[in-house]
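Good morning. I will take one structure and go through it step by step. Please have it open while I talk.

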Amino acid sequence: MNTEIFGVIAMFVITVLLAIPLGRYIGKVYNGDKTWLDFIFNPVDNLFFKAGGIKPEKEMTWQQSMVALLVINLVWFLLSMLVLMSMSWLPLNPDGNPSMTPDLAFNTTVSFVANTNLQHYSGETGVSYLGQLLLMFFQFVSAGTGMAACAVVFKAIKEKSTQNPGNFYNYFIKSCTRILLPLSIVVAIILMFNGTPMTFKGKDQFISMQGDTVNVSRGPAAAMIAIKQLGTNGGGYFGVNSAHPFENPNYFTNMVENICIILIPAALIFALGYMLKRKRFTWIVFGIMTLGFLLLVIPSIYNEKHGSTAVGKMGILQSHGSTEGKEVRFGAAASAYWGISTTVTSNGSVNAMHDSFTPLTGMFAMLGMMINSFYGGVGVGFLNFYIFIIIAVFISGLMVGRTPEFMGKKIEAKEIKIASIIALLHPFLILVGTAIASRLYAHDPTAYAGWLNNPGNHGFSEMLYEFTSSSANNGSGFEGLGDNTPFWNIACGTVMLLARFLPIIGPVAIAGILAKKKYVPESAGTLKTDTSTFGIMVFAVIFIVAALSFFPALALGPISEFFGMR
Amino acid sequence: MKQHFFPALRLTLICIVVFMGLYTLLIWVVAQAASGGGKGETVSVNNKVVGYKLEGQSFTDDKYFNSRPSACGFNAAGSGASNKGPSNPDYLKEVQNRIDTFMVHNPFVKKEDIPSELVTASGSGLDPDLSPQGAYVQVPRIAKTRNISEEKIKALVAQQIQKPLLGLFGPGKVNLLQLNIELDKLK
């Protein structure tokens, strides 16, 4: 055991230890129970309710909640397009950065409103400080949106029979003020005291020891980095994200930032457990997610620490593993751990370049996004998992000849139809997108020569990764892809849009429909959902539906590359 | 639809005030108490700023400990990585060239002792560190160029090594800027 492995284990243990009490707290917030922070947040929330003209106690049906969600997202979309396309002459632009082209603004807007944070621009040169702060605002509210949708589902599962699973605005505001804001303040302060900048001054200039003139980008970074880690946003302040020494100064900040990636997604599982008062069920869900996560992360750490086979053949020392695209202060193990943390959740921030990972680590990162529900994005991760639960209940119900029931509600044709459509949407968007891009490239490689940074199977992986990342609302990339072109901006923007809102509406609809149904008390004929057998069943469904649909594509990309290098 | 439009508009406004305005302001105020005042901490030699404490800079001269290759040429106004895939033949040729160049500049070093980080580009293009091995392997060259005994320089490297966090977590490393500043002070 060495210190790199200890560091990784410590990160995981601390994440779980923090997620349990945080989950309890989140459960209380969504339940409307008293917490010790009420004395600050009651007046704050009242301010929001008053300013927004909202009555938080007014019940909403699930349809009303969804309309409210879509309308406010539309407002954000318009606002963002407006600012991003005109920021060059708006205030707070000391470096004189340009406005975005319409297609790039569309991509960036969708990307941030949809909690994806795919970036086809570079922070230092592509946006003004005002633009950065606006994008940071979206990092709060898009995370809050996902959590609010998740809260609606929690409430719908909890109530025995109801038309009104809670008020969207209420959940949304409380998610932002009571969960995201205080955590962000703490994390931002930790980062600043480790050297992350938070200033409105423009670029600085100095002469280096060898006599080169160096310009240094700075800006109000600490505030944004905190929320991008916590809200599974991932959109970095600087171009290279958390590999940048300002964005992630040392191993300690790396631990803090990496813990933040999984913290809220994991805590939400415990929040559900608190709200439902079902400990066993919580641990089964958490257990499946953790098992999936470990199955991806352990081989990735092994691969990266083992080093690149091609570089190994040159006869140099690889005691620090594969080092291309990685930073010395994090090392191979923590880079691989981050790579998987950020892809199983829909975070998408990076501390090492995924394009330069060894082939199989690149594949595990893609698998994390293809499955998209081992912890998953804030709120939406559980929604994806919920879809798999519904399908697993249905299949196992049929297998053993029992009525498919979940939490005392019969699952019928309508719910299964919705669940199937949502489960198939993800592979559909990824595979069709990649197929179109591959066809374009293969048909005329000279015209699209700027697209790929690497030849052969790896080039295919770059395109596959981009669509996977868009559809998983992840935002990381095989960044060698020349992606700031109208094709990629519009194609990825469209995929992100569909892959954000349909998988929110679907699960909420299922939960809403189930909530209206008559409650059937558990009997001997009920399929138990809090046993490890059922856990294995869910895992099998995830593996079959999510992982196997992608196997052919993965075989063309990373798997071929792996065998080609041996 | 209509009944949700005005609440959405008003809610967006108050959210902008709080999350974009007040939150940023609060963090900015606290930043004034951090070292460097949130503007980034600089390192000076003889009252002249020679770099930022966290950001790497290019060292290519034989008399200095050399930095890792950077895909963006240590351009701190726009970070960047190579994003080369592990099987890319052009990339592998480049790495081989870097090894050959290193061997020319360090004829006393055996190939199997060159740590890979010295011939592969970093993630940010601004990596401020080397692994301890990455520094030690350059000692004979620097000793010869500067005409200082190897022992003295090795002792300096040993003194500059930063242990893992709490001695337990993460890799050990050496900050290159600090190391080279101290190196210039050696006689």
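I will start with how the model is read, then take the interface, the strands and the salt bridges.

This is a predicted model, in which local features need pLDDT of at least 70, side-chain atom pairs count only at pLDDT 80 or more, and totals for chains, interfaces and linings use all residues. Residues are numbered from 1 along each chain as its sequence is written, chains are lettered from A and ligands numbered from 1 in the order in which they are written, and side-chain values use heavy atoms, with hydrogens and water left out.

First, the interface. How many residues does each chain bring to the contact? Chain A gives 109 residues and chain B gives 94, where contact means heavy atoms within 4.5 Å. The size of an interface is often given as the accessible area lost when the parts come together. Here the two chains bury about 8,200 Å² between them, and 68% of that is on carbon and sulfur atoms. Buried area is the accessible area, taken with a 1.4 Å probe, that two parts lose on being put together, summed over both. Of the area that chain B buries against chain A, 9% is supplied by Phe19(B), Tyr23(B) and Asn83(B), more than any other three residues.

Between chain B and chain A there are 41 residue pairs in polar contact, with both residues at pLDDT 80 or more. A polar contact is a pair of N or O atoms within 3.5 Å; within protein, one must be able to donate a hydrogen and the other to accept it, and residues adjacent in sequence count only if both atoms are side-chain atoms. On the side of chain B that touches chain A, the largest share is 21 residues, from α1(B). Helices (H or I, at least four residues) and strands (E, at least two) are DSSP runs, numbered from the N terminus.

The helix α1(B) covers residues 2–31. A UniProt annotation, from an unreviewed entry, marks residues 12–31 of chain B as "transmembrane region". UniProt positions are given in the numbering used here, feature names are shortened, and annotations may be inferred rather than shown by experiment. In the model, residues 12–31 of chain B are 100% helix and 0% strand, with the end C-alpha atoms 27 Å apart.

Next, the strands. Two strands pair if DSSP finds at least two bridges between them. In chain A, β1 (residues 204–207) and β2 (residues 213–216) run antiparallel, joined by four bridges. They form a hairpin with five residues between them, and Gly211(A) in the turn has a positive phi of about 90 degrees. Gln205(A) has Asn215(A) as its bridge partner.

In chain B, β1 (residues 42–45) pairs with β2(B) in the antiparallel sense over four bridges. This hairpin has two residues between its strands, and Asn46(B) in the turn has a positive phi of about 50 degrees. Val45(B) stands opposite Lys48(B), and Val43(B) is the bridge partner of Gly51(B).

Chain B also has an open sheet of three strands in the order β3-β5-β4, with antiparallel pairing. Why do β3 and β4 of chain B each have one side without a neighbour in the sheet? They stand at the edges, each with a single partner strand, so one side of each is left free of a neighbour there.

Last, salt bridges. A salt bridge is a side-chain nitrogen of Lys or Arg within 4 Å of a carboxyl oxygen of Asp or Glu. The structure holds 19 over all chains, but zero are found across the interface of chain B and chain A. One salt bridge joins Arg178(A) to Asp45(A), with the closest N and O atoms 2.6 Å apart. Arg178(A) is in helix α7 (residues 168–192) and Asp45(A) in helix α2 (residues 38–52) of chain A, 133 residues apart.
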